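Reader: I would like a close look at a single part of this model, taken slowly and with the cut-offs spelled out.

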Amino acid sequence: MSTTKDFFVKAVNLLEITKEEQRKTIEKVAAMMGECMKENGIVQLFGIDHGRAFSMELGYRAGGLMPFHQFNTKDLALRGVISEEEYQREGFNDREDMAEKLWDLYLVEPTDMFILVSLSGCEGLIIETALQAKQKGHKVVAVVTKELSDASISKHSSGKKLVEIADIVIDTGAKNPDLLLDVDGTHKVNQIATIAGNVIAQMITAEVYRYLKEQGTECPVLLSANIKGADVHNKELSDKYLGRWNA
């Protein structure tokens, strides 16, 4: 079997397992998100390292839903809150003190909820963000690789992990370490957690759409710029959340 086909087969097999094992959980998350959107809330997305791909998969794209906003640690440097040097410093993602600084950059309303994404869910920054969200009364969903989380040590001063704080936990189903392919019996290569995360993100979108339609609620779906009238349609949707989705 070629390595191309081997990877594809292994990836599809894992995604099939993840789909079956996480389907009910994804439906619960979708219902939570649907209720959030019905109340004019925004889903706040925050991904650490490769977890950012999940946020990018959902945030403001054609065929997706409008009410998303992305927490992005780069904004701390871009907006002059900290220096580029400090941002690039090793261990930045474990800086608990950065959570409040990051939060203060954005307009977060009481009706908002959070989806926090990390391979391990053990970084100090994302754990502190989750704790602050819970303290302020927001719902929190975690997307992690559970096997890696179980094997990792929390970098937060409380000793807690993201999975212990979240209201709902979605598991990517990837293994620890996140490697799929053994090419020559020497080294394993190819990751799947990010791919699984992006598929889960799209499954969530589909479920939120179904949930809102069944509730008789209009779905805030963004249109492709190639479609006539899309700019007007998208502006009407986004103007409702001005200063929030593009904070």
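Which residues have the most contacts inside the largest nonpolar core, and how many residues does that core have?

Author: A word on the basis comes before the core itself. This is a predicted model, in which local features need pLDDT of at least 70 and side-chain atom pairs count only at pLDDT 80 or more, while totals for chains, interfaces and linings use all residues. Residues are numbered from 1 along each chain as its sequence is written, and side-chain values use heavy atoms, with hydrogens and water left out.

The largest nonpolar core has 30 residues, and those with the most contacts inside it are Phe46, Phe71, Phe114 and Leu116. A nonpolar core here is a set of buried Ala, Val, Leu, Ile, Met, Phe, Trp, Tyr and Cys residues joined through side-chain atoms within 4.5 Å; buried means under 20% relative accessible area, exposed over 50%, and partly exposed in between, with a 1.4 Å probe and protein chains only. At least two residues of this core come from each of helix 3 (74-78), helix 5, strand 3, helix 6, strand 4 and helix 8, where helices (H or I, at least four residues) and strands (E, at least two) are DSSP runs numbered from the N terminus. Helix 6 gives the most to this core, with six residues. Apart from this core lies another, of 28 residues, among them Met37, Ile115, Val117 and Leu212.

Helix 6 therefore deserves a description of its own, since 10 of its 12 residues are buried, the expected span of a helix being 1.5 Å times one less than its number of residues. For the 12 residues of helix 6 (residues 124-135) that span should be 16 Å, and the end C-alpha atoms are 16 Å apart, which agrees. The buried residues of helix 6 are Gly124, Leu125, Ile126, Ile127, Glu128, Thr129, Ala130, Leu131, Gln132 and Ala133. They pack against strand 1, helix 5 (98-103), strand 3 (113-117), strand 4 (140-144) and helix 8 (162-165), contact meaning heavy atoms within 4.5 Å. After helix 6 comes glycine 137, whose phi is positive, near 90°.

Leucine 116 shows this packing from the side of a single residue: leaving out residues up to four places away in sequence, leucine 116 touches Phe46, Ile126, Thr129, Ala130, Val140, Val141, Ala142, Val143 and Leu162.

Two loops can be added to the picture. Aspartate 49 lies in the loop between strand 1 (43-47) and helix 2 (52-58), has a positive phi of about 50° although it is not a glycine, and counts as exposed at 55% relative accessibility. Proline 177 lies in the loop between strand 5 (168-171) and strand 6 (181-182), and the peptide bond that leads from asparagine 176 to proline 177 is cis, with omega near 0°.

The cysteines form no disulfide, a disulfide being a pair of cysteine sulfur atoms within 2.5 Å, and the count by this rule is zero. The sulfur of cysteine 36 is 14 Å from the closest cysteine sulfur, that of cysteine 219, which is too far for a bond. Cysteine 36 is buried, with a relative accessible area of 5%, and cysteine 219 also counts as buried, at 10%.
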